[in-house]
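Trainee: I have a structure to go through with you. I would like to hear the reasoning behind each label.
Mentor: Good. Ask away.

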Amino acid sequence: FALTLKTRFEHLRDIGDLEQAIQLSMHAFQLIDDGCPDEPGYLNNFALALRARFEQLGSLEDLNHAIEALSRAVELTPDASPLKPGFLQNFSTALTTRFKRVINMEDLDSAIQASRHAVRLTPDKSPGKPGCLNTLAVVLLTRFEHLGCIEDLESAVQTSYRAVDLA
C-alpha cells in the first residue's frame, strides 16, 4: 500500500500521500520479524519514499535515513538475488544526491563502488544492464566535475558507450 501511495504522490503531488507512505512503511517494519526475506524490499521502498520527500522538502535528515535504509537493504540481500543491482543503484543515486548537497568525497566514492558492484552483478543480456552502466557513468562524471580527473571522464564516456551498445 505504501508503494501505491508513493506512486500516487508522483502523479498528483499531494505530499499527504508521501507522508502516509512513509508512516505505513515505518509501521510495517515494526510488524516484520528479523530475517524476513521481504525486509530488503520494504527498506528499499521506504528509502525511495524518504528520498522523494527530501526532493520535495529538502530535509537532509530524510536523505540520511534513506541512505541508511538502502545500505541495510544492500547488506541483507545476497549477491545472487536479482533485486540486489536495483538496490545498489538506488543506494548509489542517494549517495550521489547527498554528495551534491554536502560535498563529502566518501559518499561519492561509495556511490561509485555501489554502481560498479551493480554492473558486475547484472548480466550483459539483462534489460537492467544499460541502466546500471548509466548510473555508473553519471557518478563518474560527477567525480570528474569535482576533481577534474580525466580518467573519470574517460571512464564515464566508455561506460556510456557500453550502455548504448547494450540498449
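Trainee: Which residues of α8 are buried?
Mentor: D152, A156, T159 and A163 are buried in α8. Keep in mind that this is a predicted model.

Trainee: What makes those buried residues one face of the helix?
Mentor: Look down the axis of α8. The buried residues fall within an arc of 70 degrees, so they line one face.

Trainee: What does the face turned away from the buried side carry?
Mentor: It carries the exposed residues E151, Y161, V164 and D165.

Trainee: What covers the buried residues of α8?
Mentor: The cover includes α7, residues 129-147.

Trainee: How do you know what span to expect for α8?
Mentor: Helix α8 runs over residues 150-166, which is 17 residues. The expected span is 1.5 Å times one less than the number of residues. That gives the expected 24 Å, and α8 reaches 24 Å from its first C-alpha to its last.

Trainee: Why is T159 called buried?
Mentor: T159 sits in helix α8. Buried means under 20% relative accessible area. T159 has 10%, so it counts as buried.

Trainee: What is T159 in contact with, leaving aside its neighbours within four places in sequence?
Mentor: T159 is in contact with L133, L136, A137 and L140. Contact here means heavy atoms within 4.5 Å.

Trainee: Now the whole chain. How many helices and how many strands does its secondary structure have?
Mentor: Eight helices and zero strands. From the N terminus on, the elements run α-α-α-α-α-α-α-α.

Trainee: What makes the chain as compact as a globular protein of that length?
Mentor: Set the radius of gyration against the globule rule. The chain has 16 Å, and the rule gives 15 Å for 167 residues. Those values are close, so the chain is as compact as a globular protein of that length. Its C-alpha atoms fill a box of roughly 45 × 35 × 30 Å along the principal axes.

Trainee: How much of the chain counts as buried?
Mentor: Of the 167 residues, 41% count as buried. The chain exposes about 9,100 Å², and carbon and sulfur atoms supply 53% of that.

Trainee: What share of the contacts with a separation of 6 or more comes from residues 24 or more positions apart?
Mentor: They account for 54% of those contacts.

Trainee: How many salt bridges does a search of the whole structure find?
Mentor: Eleven. Side chains of opposite charge can pair when their charged atoms come close.

Trainee: What makes the pair E55 and R51 a salt bridge?
Mentor: The cut-off is a Lys or Arg side-chain nitrogen within 4 Å of an Asp or Glu carboxyl oxygen. In E55 and R51 the closest N and O atoms are 3.5 Å apart. The pair therefore meets the cut-off. E55 and R51 are four residues apart in helix α3, residues 39-57, so about one helical turn separates them.

Trainee: Are E55 and R51 buried or exposed?
Mentor: E55 is exposed, at 52%, since exposed means over 50%. R51 is buried, with a relative accessible area of 15%.

Trainee: Why is D79 called partly exposed?
Mentor: Partly exposed lies between the two cut-offs, 20% and 50%. D79 has 40% relative accessibility, so the label fits. The side chains of D79 and K84 meet in a salt bridge, 2.9 Å from N to O.

Trainee: How do you know that K84 is buried?
Mentor: K84 has 7% relative accessibility, so it counts as buried. Its place is in helix α5, residues 84-102. Not counting residues up to four places away in sequence, K84 touches V74, T77, P78, D79, H117 and L121.

Trainee: What makes D124 and K129 a salt bridge?
Mentor: Their closest N and O atoms are 3.1 Å apart. The limit is 4 Å, so the pair qualifies. D124 is partly exposed, at 41%. K129 is buried, at 4%.

Trainee: Which residues do salt bridges that share partners join into one network?
Mentor: E19, R53 and D62.

Trainee: Last one. Why is A28 called partly exposed?
Mentor: A28 is found in helix α2, residues 15-31. Its relative accessibility is 23%, and buried means under 20%, so A28 counts as partly exposed. A28 and L140 are 112 residues apart in sequence and 36 Å apart in space, C-alpha to C-alpha.

Terms used
Residues are numbered from 1 along each chain as its sequence is written. This is a predicted model: local features need pLDDT of at least 70, side-chain atom pairs count only at pLDDT 80 or more; totals for chains, interfaces and linings use all residues. Side-chain values use heavy atoms; hydrogens and water are left out. Helices (H or I, at least four residues) and strands (E, at least two) are DSSP runs, numbered from the N terminus. Buried means under 20% relative accessible area, exposed over 50%, partly exposed in between (1.4 Å probe, protein chains only). The arc is that of the directions from the helix axis to the C-beta atoms. The radius of gyration is taken over C-alpha atoms; the globule rule is 2.2 Å times the number of residues to the power 0.38. Accessible areas come from the Shrake-Rupley method with a 1.4 Å probe; for residues, only the protein chains shown count as cover.
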